[in-house]
Amino acid sequence: MEQLLKDQIAIVTGGSQGIGKAIALKFAQHGAKVVIVAQSEERGTKAVEDISAQVPNAHVIFRSTDVSNTEQVAATFDKLIEEFGGVDILVNNAGITRDQLLMRMSEDDWNTVLNVNAKACFNTSKAVVRGMMKRRQGRIINITSVVGLTGNAGQGNYAASKAAIVGFTKSLAKELGPRNVSVNCIAPGFIQTDMTSKMPDAWKELQLKNIPMGRPGQPEEIANGALFLASGLGAYVTGQTLVIDGGMVM
Ligand SMILES: NC(=O)c1ccc[n+]([C@@H]2O[C@H](COP(=O)([O-])OP(=O)(O)OC[C@H]3O[C@@H](n4cnc5c(N)ncnc54)[C@H](OP(=O)(O)O)[C@@H]3O)[C@@H](O)[C@H]2O)c1
């Protein structure tokens, strides 16, 4: 198999499970040196073990960091940049939900979701762009959601955070395009992960009714899109949102 990311340095936030773990695995299979950034040491270590077991000679490490914490991100990323000499690919995938109708949504529900999902993209991008601009090479991939495009009752905070990511992505794409750094989003639909397994059965049935392809997506199907955007295959794509949702939103 041709390795599309040979020796590239990739950081995947939220890479310890679900979609992020599938992206970390895919990138490792394509020869990238992968850094998984998430909070739980236990899940992070397990992800490194799992990927190393599946990919011979994989170079995967884990760094525990809260991506919503500006100081923590700066400290972790500065050390990584010193260790590896730069970052080629950044995937902002870490995300959470705290669903609630607005009438019941607390200020903390709003702030926490906006900080983990959207502010984190500011924290991590700020830490890597200087090096990417200097080397005139870099890929930033932000994982938004179809909910950021359509809105969803009970997810005002989550939808706002994901829509913010789309606006941020387009702005950064305009800033960094002249330096050969691309910035894109992927908007997954209903993907089978821990995040969606917590949703009620009625919600899952409703989602399936709205998916022309009639099934939920798999994390690997998002990872395939990330590989396209991170590799030479997607070299002339920037500022876009790649929707991977079985036709749910069109
Ligand atoms: N699953 C879907 O159907 C779907 C659809 C559309 C969009 N998405 C988006 O895709 C992304 C991944 O979703 P998923 O379903 O794979 O979620 P998941 O299984 O819940 O995994 C979330 C990941 O984010 C990490 N994370 C959470 N808070 C963090 C923080 N403050 N700092 C660092 N890492 C943090 C988690 O690790 P720790 O808890 O250890 O920190 C975990 O690795 C999210 O941005 C989500 O919004 C998912």
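**Exercise 1. Is Arg 136 buried or exposed, and why?**

Arg 136 is exposed, because only 11 other C-beta atoms sit within 10 Å. The rule is this: a residue is buried if 20 or more other C-beta atoms lie within 10 Å of its own, exposed if 12 or fewer, and partly exposed in between, with C-beta atoms placed from the backbone.

Before going on, note that this is a predicted model: local features need pLDDT of at least 70, side-chain atom pairs count only at pLDDT 80 or more, and totals for chains, interfaces and linings use all residues. Residues are numbered from 1 along each chain as its sequence is written.

Next, find the place: Arg 136 is in the loop between α4 and β5. Helices (H or I, at least four residues) and strands (E, at least two) are DSSP runs, numbered from the N terminus. Last, check the backbone: Arg 136 isn't a glycine, yet its phi is positive, about 55 degrees.

**Exercise 2. How does Asn 180 count, and why?**

Asn 180 has 15 C-beta neighbours inside 10 Å, so it counts as partly exposed. Asn 180 belongs to the loop between α6 (156-176) and β6. Its phi is positive too, near 65 degrees, in a residue other than glycine.

**Exercise 3. What is the strand order in the open sheet of seven strands?**

Start with the order: β3-β2-β1-β4-β5-β6-β7, with parallel pairing. At the edges you find β3 (59-64) and β7 (241-244), each pairing on one side only. Two strands pair if DSSP finds at least two bridges between them.

Now zoom in on one pair. β4 (residues 89-92) runs parallel to β5 (residues 138-143), and four bridges join them. In this pair, Asn 92 stands opposite Asn 142, and Leu 90 has Ile 140 as its bridge partner.

Then add a helix. Helix α4 (residues 107-135) packs on the sheet and touches β1 (9-13), β4, β5 and β6 (181-188). The direction of α4 makes about 170 degrees with that of β4. Here, axes are lines fitted to C-alpha atoms, for helices over the stretch in contact, and angles run from 0 to 180 degrees between N-to-C directions. Two residues are in contact if their C-beta atoms, placed from the backbone, lie within 7 Å.

**Exercise 4. Which residues point one way from β5, and which the other way?**

Gly 138, Ile 140 and Asn 142 go one way; Arg 139, Ile 141 and Ile 143 go the other. In a regular strand the side chains alternate between the two faces of the sheet. Now the burial count: six of the six residues of β5 are buried.

**Exercise 5. Which element gives the most to the largest nonpolar core?**

First, the term: a nonpolar core is a set of buried Ala, Val, Leu, Ile, Met, Phe, Trp, Tyr and Cys residues joined through C-beta atoms within 7 Å. The largest one here has 67 residues, and Ile 23 is one of those with the most contacts inside it. The top giver is α4, with nine residues. For a closer look at Ile 23, leave aside neighbours within four places in sequence: its contacts include Val 12, Val 91, Ile 222 and Ala 226.

**Exercise 6. Which residues come nearest to the ligand?**

Of the 28 residues around the ligand, the nearest are Gly 14, Gly 18, Gln 39, Gly 95 and Thr 193. A residue is near a molecule or strand if its C-beta atom, placed from the backbone, lies within 6 Å of it. Finally, two elements each give two or more residues to this shell: α1 (18-29) and α7 (194-197).
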